[in-house]
Amino acid sequence: MSAIAKPIPARMKGVNRAEICDVNFQEFVRDWSGRADAKPSPGEAILEGSALDAGGFRELFESQLISRHLDLMARVLRVQNKVFYTIGSSGHEGNAMVARLTRHTDPAFLHYRSGAFMAERFRKLPGMDPIMDSALSFAASKEDPASGGRHKVWGSKPLWVLPQTSTIASHLPKAFGTAVAIEQGRRIGCQLPIPDDSIAICSFGDASSNHATAQTAFNAAAWTAYQKLPSPVLFVCEDNGIGISVKTPTDWVARNFRDRADLDYFFADGLDLAGGYGDVQAAIEHCRRTRRPTFLHLRTTRIMGHAGTDFEIEWRSIEELCAVEAGDPLLRSAAIALESGLMSKDEILGLYEDTRRKCFAAAEDADRRPRLTSLEDVMAPLAPYTPAAVKAEATRAADADKRIAAFGSEAKLPEKQPPRHLAIQINNALHDLFAKYPETLLFGEDVAQKGGVYTVTKGLHKAFGNRRVFNTLLDETIILGLAQGYANMGMLPVPEVQYLAYLHNAIDQIRGEAASLQFFSNDQYRNPMVVRVAGLGYQRGFGGHFHNDNSITALRDIPGIVVGCASRGDDAATMLRTLAALAKVDGRVTVFLEPIALYMTKDLYEPGDGQWLTEYPSPDQAMTLGEGRVYGQGDDLVVFTYGNGVPMSLRAARAIEAKHGWKTRVVDLRWLVPLNEAYIREQAKSAKRILIVDEGRHSAGVGEGVITAIVEGGYGARPFRRVVGADTFTPLAGAAFLVIPSDEEIIAAAADLAKNRA
Ligand SMILES: Cc1ncc(C[n+]2csc(CCOP(=O)(O)OP(=O)(O)O)c2C)c(N)n1
Ligand SMILES: [Mg+2]
């Protein structure tokens, strides 16, 4: 006999699904007609056979209700402009079980549907108020303890919930990185900020589990476990069967993850606290005990659409909508409360209304609190810089005995050696960083035994061992995710991206993630790092585009980061000290851009002149952020440049002086992000003519920034020319040199300026 579909009452066909779910719950409780057991004591199983006791159930149920009423409140107050976010947690309230069964010191990287998880985690510390804290975040209040009003985000410093961006899946690599760091920190003797047996928790949706950034984290975790290395990360896939409007194929998540090698799969029903609790517990205990990556597939549903703006009624059938809403986990929780005899109908409805009242009262209160009203306030946590402390830290030498141990003997200290080229001095500076900071880690592709493809990291592995210098799997996203993880656990990561061209496929880990953490957490969380990137053009006999990439623009517009580019060995050493100090003192994300073509360059003007070799600066010297290096005193022509442009411009300047009789000055900017506009103007002030030599691309490159600084400084009337890379990819062999500036072009640009008598 075929089932006869029940007619859907008119009330249920309404447009406002939040109201319908709200009424559904109340009607469900009122109309419940089952038989109640005798009231259980708090320590008794909530239902026969359940791993959850009655006391625990009650708290979880309360957390679920807080989460639900925050959602309902947001829908009502959004239209009054008191709340600015309506992506809810309804249908996902089972994630409170994960919070209950983990510790508040287990770092959590959460999906945006984590209201119940948060409410439950708030119980772990006394005196905290999940409703008010959440309301402040919904209201974008300056007093929002998670982000200071910058983002509606689940976050808490005391509860170890690191705020996440809205980019789905982008948090999985750093969650994995944090798990690895928990284990590795102990091994290198670094004091962790959390207990040694902590695990990293990471939740995300079913659709997000397909994302490349998620997949690479699963892969990296499994790759690690396969080698019997620990990575205690709990991946929680909150499977509601849909991503905005795209359905996940039935059983896809189970099928995709159930049998993955070295990713241990558990399923739990997140719609049923009594039924799901034991399975959630099993997954968490497994992760903590075995230190293996664990995949918890948590069944959820999505009530009230993707967000307040998603009118599901317009694109889904009413029958389907009603069926989804009938699976509301709060109906199941109410039924458990009633069946078990724990709560009466009136108690449940009383608690429901009481929670509603609290959420609305908190939201109204939050609406009266101050919001961010000045640009200065908004940007305050973005790029902290305390120059005196940075200078003091950068010029603080490592203990003499540690340096001697790092370099082998006193006689081998680099400052006692003859002048050397860039690659050697970077290598020396890295040794020094390792001697100075025992929490430094260097990792990337081929950096360990081989010492990098250009031998820049040679000897570090031998000197400091596997635990501090190691090869990663081949994935830049993971390299940068690891960096964030180590930073979260108090270490100083120095990840290497082998070529600038390969930064681009992973750049969101800097742009969206690492660089934004300080901003979105109101400077409560920092992930300091020094990212080494080898790049730029002019390599002879090797290359093509991918080894000669000159796209610096991708880094230029990332707010808050620092990018330095040293063209000679002594500058590299003093710059690295400052980058590390910026990371240590101010928590900054810094990038050290290494010009590959200058690694081995020894001569400047003539073969054999050795003029591009430099002495190693003593360890009490450091470069000030933003300060360039000036060659020559002249004003007839001032050349602004960086990287390979520096030696080229110096050579060209000699020819230009000879030809035009001009006294020149070549300014190596050294710091590319942020550009020091005041410094550029100072240098431009007395210039009679200006040349900008920029090996990056024509569009949106460093040169554009220099010109803007000059023009905005009021010096735009000076005759100027720009010699700059073309807007093209770099071809192979000799043709590569056609697309980037040359000595001859610089000389020609000066000749052109000479014709300009203005
Ligand atoms: C990288 C990225 N692409 C697209 C989006 C837009 N977006 C936000 S949520 C979402 C669907 C996510 O679905 P799922 O992972 O199943 O989570 P759910 O919302 O169902 O809980 C999409 C496409 C995004 N935030 N990030
Ligand atoms: Mg989903």
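How many cavities of 30 Å³ or more does the structure hold? The answer is 7, and the views below take in two of them along with two pockets, a ligand site and some backbone details. This is a predicted model, where local features need pLDDT of at least 70, side-chain atom pairs count only at pLDDT 80 or more, and totals for chains, interfaces and linings use all residues. Residues are numbered from 1 along each chain as its sequence is written, chains are lettered from A and ligands numbered from 1 in the order in which they are written, and side-chain values use heavy atoms, with hydrogens and water left out.

**View 1. The largest pocket, with a volume of about 500 Å³.** Val180, Gln184, Leu229, Phe470 and Tyr486 sit closest to the centre, out of 24 lining residues. A pocket here is an open set of points, on a 1 Å grid over the protein atoms alone, with protein on both sides within 12 Å along at least five of seven lines; a cavity is a set where a 1.4 Å probe fits but cannot get out, and lining residues have an atom within 4 Å of a point. Grid points are joined across faces, edges and corners, and a volume is the space filled by probe spheres set on the points. Helix H6 (172-187), helix H7 (212-226), strand E9 (469-471) and helix H18 (476-488) each chip in at least two lining residues, and H6 has the largest share, with 5. Helices (H or I, at least four residues) and strands (E, at least two) are DSSP runs, numbered from the N terminus. By class, the lining of this pocket splits into 13 nonpolar, 8 polar and 3 charged residues. For these classes, Ala, Val, Leu, Ile, Met, Phe, Trp, Tyr, Cys and Pro count as nonpolar, Asp, Glu, Lys and Arg as charged, and the others, Gly among them, as polar.

**View 2. The second largest pocket, at about 390 Å³.** Again 24 residues make the lining, and Asn16, Arg17, Ala18, Glu19 and Arg75 are the ones closest to the centre. Two or more lining residues come from each of helix H1 (17-31), helix H2 (54-78) and helix H12 (345-368). H2 gives the most, with 5 residues. The class tally for this lining is 11 nonpolar, 5 polar and 8 charged.

**View 3. Leucine 349, a residue of helix H12.** With a relative accessible area of 15%, leucine 349 is buried (buried means under 20% relative accessible area, exposed over 50%, partly exposed in between, using a 1.4 Å probe and protein chains only). Its C-alpha atom is 9.9 Å from that of glutamate 27, although 322 residues separate the two along the chain.

**View 4. Ligand 1 and the 17 residues around it.** His111, Tyr112, Arg113, Ser208 and Ile242 come nearest; a residue belongs to this shell if one of its heavy atoms lies within 4 Å of the ligand. Oxygen atoms of the ligand pair up with an N or O atom in the side chain of arginine 113 at 2.8 Å, with a polar backbone atom of alanine 207 at 2.9 Å and with a polar side-chain atom of asparagine 240 at 2.8 Å. Taken alone, ligand 1 exposes 580 Å², and the protein buries 73% of that (areas come from the Shrake-Rupley method with a 1.4 Å probe). The shell is made up of 5 nonpolar, 10 polar and 2 charged residues.

**View 5. The largest cavity, holding about 180 Å³ of space.** Leu110, His111, Tyr112, Gln164 and Thr165 lie nearest the centre, among 15 lining residues. The lining counts 7 nonpolar, 7 polar and 1 charged.

**View 6. The second largest cavity, with about 70 Å³ of space.** Residues in the lining include Ala394, Arg396, Arg403, Asp432, Lys436, Arg577 and Pro619. Helix H16 (residues 422-436) gives the most, with 4 residues. By class there are 6 nonpolar, no polar and 5 charged residues.

**View 7. A cis peptide bond between valine 673 and proline 674.** Omega is about -10° here. Proline 674 sits in the loop between strand E17 (671-673) and helix H23 (677-685).

**View 8. Positive phi at aspartate 251 and at arginine 291.** Aspartate 251 has phi of about 70°, in the loop between strand E5 (246-247) and helix H8 (252-257), and is exposed at 60% relative accessible area. Arginine 291 has phi near 60°, lies in the loop between helix H9 (273-290) and strand E7 (294-299), and counts as buried at 12%.

Definitions and conventions: A polar contact is a pair of N or O atoms within 3.5 Å; within protein, one must be able to donate a hydrogen and the other to accept it, and residues adjacent in sequence count only if both atoms are side-chain atoms.
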